[in-house]
Amino acid sequence: MHLPTVPDELWVAVEPILPAHATPRRGRPRIPDRAALAGILFVLKTGIPWHHLPLALGCGSGMTCWRRLRAWQQAGVWTALHRLLLDRLHADGQLDLKRASLDSATVAAPCGGVDTGRDPTNRGKLGCKRHLVVDGRGVPLGVVVSAANVHDSRMFESALDAVPGIRNGRRGRPQRRPLKLHADKGYDFQRCRSACWRRGIKPRIARRGVESRSTLGRHRWVIERTLSWLNRFKRLKLRYERCVDVHLALLFLACALICLRTDMRRSTSHQSGSTSQP
């Protein structure tokens, strides 16, 4: 059986922000944090149920990994990891905050739970929406969830405010707002445009009955790609978690992995470029 591993780049980033824990004097020894994280990554990527996590992997039981995931979510580990990687990308000039895109995607939630509702586009079955903001290159900046029967425009401001302050390694205030925001006709309301102007963002929202669907496609296609990237994590293709904090933990971890992959891709290209020079 293939043993899951935690990439060194991910562990170096997440280890300093993990909460401290007391060593138990009695009972079973505590599963190491890196082993528990490996089990979490295995479930996230394969989509298997938590109770089916094989003990032979050396990651502990599925419930141990589930509890560790939720405890770290309550301690703010996953949001801190996502912000840390965003700061790193911004310091390296890999974020395009001149323009951003916002959109949502609905996923089925057969187990129900908080922030789920009847999906009007899927015969009234229970579903959940993830509202995502990405930069001009498709890097996830912020994500919130809602029930499937909540209109996209109602979560517009919450999605904008979910973008954290991003530092570029220099002095001064962190940058939190993009210069422009692209969105489709589902956000064609005056309250959405006003919310952008109040935050110093220029709205580029398609107008119903005026602009064609292909007008903003050259800028908004990146968010469709990022939503597809999230669905490659099989545990996120459907929402199985009844607890919304556990579902958010998996979402933020997936966003952090996308950021880490972007950073690693740049490092690899720089190394190959330097070795090719005479």
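K129 and D152 are both buried. These two residues form a salt bridge in which the closest N and O atoms are 2.7 Å apart. The pair links distant parts of the chain, with K129 in strand β3 (residues 126–135) and D152 in the loop between β4 (140–147) and α5, 23 residues apart. The model is predicted, and the protein in it has 278 residues, of which 48% count as buried.

**Overall architecture**

- The protein contains 9 helices and 6 strands.
- Among the contacts in the protein with a separation of 6 or more, 64% are between residues 24 or more positions apart.
- About 14600 Å² of the protein is exposed, and carbon and sulfur atoms supply 51% of that area.

**Salt bridges**

- Side chains of opposite charge can pair when their charged atoms come close.
- The structure holds 11 salt bridges.
- R199 forms a salt bridge with E157, and the closest N and O atoms of the two are 3.1 Å apart.
- This pair also links distant parts of the chain: R199 lies in the loop between α6 and β6 (202–205), E157 lies in helix α5, and the two are 42 residues apart.
- R199 has a relative accessible area of 17% and is therefore buried, whereas E157, with a relative accessible area of 33%, is partly exposed.
- R193 forms a salt bridge with D188, with 2.7 Å between the closest N and O atoms.
- Both partners are on the buried side of the cut-off, which is under 20% relative accessible area: R193 has a value of 16% and D188 a value of 13%.
- E157, D161, R177, R198 and R199 are joined into one network by salt bridges that share partners.

**Aromatic pairs**

- The structure holds 2 aromatic pairs.
- In one of them, the ring centres of W72 and W78 are 5.8 Å apart and the ring planes stand at 70°, so the pair is edge-to-face.
- W72 is buried at a relative accessible area of 3%, and W78 is buried at 1%.
- F156 and Y187 form a tilted aromatic pair, with 5.6 Å from centre to centre and 50° between the planes.
- F156 belongs to helix α5 (residues 156–161) and Y187 to the loop between β5 (180–183) and α6 (190–198), so the pair ties together parts that are 31 residues apart in sequence.
- Both F156 and Y187 are buried.

**Charges over rings**

- The charged end of R208 sits over the ring of F189, at 5.0 Å from the ring centre.
- The charged end of R261 sits over the ring of W229, at 5.1 Å from the ring centre.

**Helix α4 and the residues around it**

- Helix α4 covers residues 77–91, which is 15 residues.
- From its first C-alpha to its last, helix α4 reaches 21 Å, close to the 21 Å expected at 1.5 Å a residue.
- The buried residues of α4 include W78, which is a member of the edge-to-face pair.
- The other buried residues of α4 are V77, L81, H82, L85, L86, D87, L89 and H90.
- Just after α4, G93 takes a positive phi of about 75°.
- A75 is placed in the loop between α3 (62–74) and α4.
- A75 has a relative accessibility of 47% and counts as partly exposed.
- The C-alpha atoms of A75 and P19 are separated by 7.2 Å, while the two residues are 56 residues apart along the chain.

**Positive phi outside glycine**

- Most residues other than glycine have a negative phi.
- D115 has a positive phi of about 60° although it is not a glycine.
- D115 is located in the loop between β1 (99–108) and β2 (117–118), where its relative accessible area of 32% makes it partly exposed.
- R123 is another residue other than glycine with a positive phi, near 55°.
- R123 is found in the loop between β2 and β3, and its relative accessible area of 72% makes it exposed.

Key: Residues numbered from 1 in each chain as written. Predicted model: local features only at pLDDT ≥ 70, side-chain atom pairs only at ≥ 80, totals over all residues. Heavy atoms only, no water. Phe/Tyr/Trp six-rings, centres within 6.5 Å; stacked < 30°, edge-to-face > 60°. Buried < 20%, exposed > 50% of the residue type's maximum accessible area, 1.4 Å probe, protein only. Helix = DSSP H or I, 4+ residues; strand = E, 2+ residues; numbered from the N terminus. Lys NZ or Arg CZ within 6 Å of the ring centre and 35° of its normal. Expected span 1.5 Å × (residues − 1). Contact = heavy atoms within 4.5 Å. Areas by Shrake-Rupley, 256 points an atom, 1.4 Å probe, with all protein chains shown as cover. Salt bridge = Lys/Arg side-chain N within 4 Å of Asp/Glu carboxyl O.
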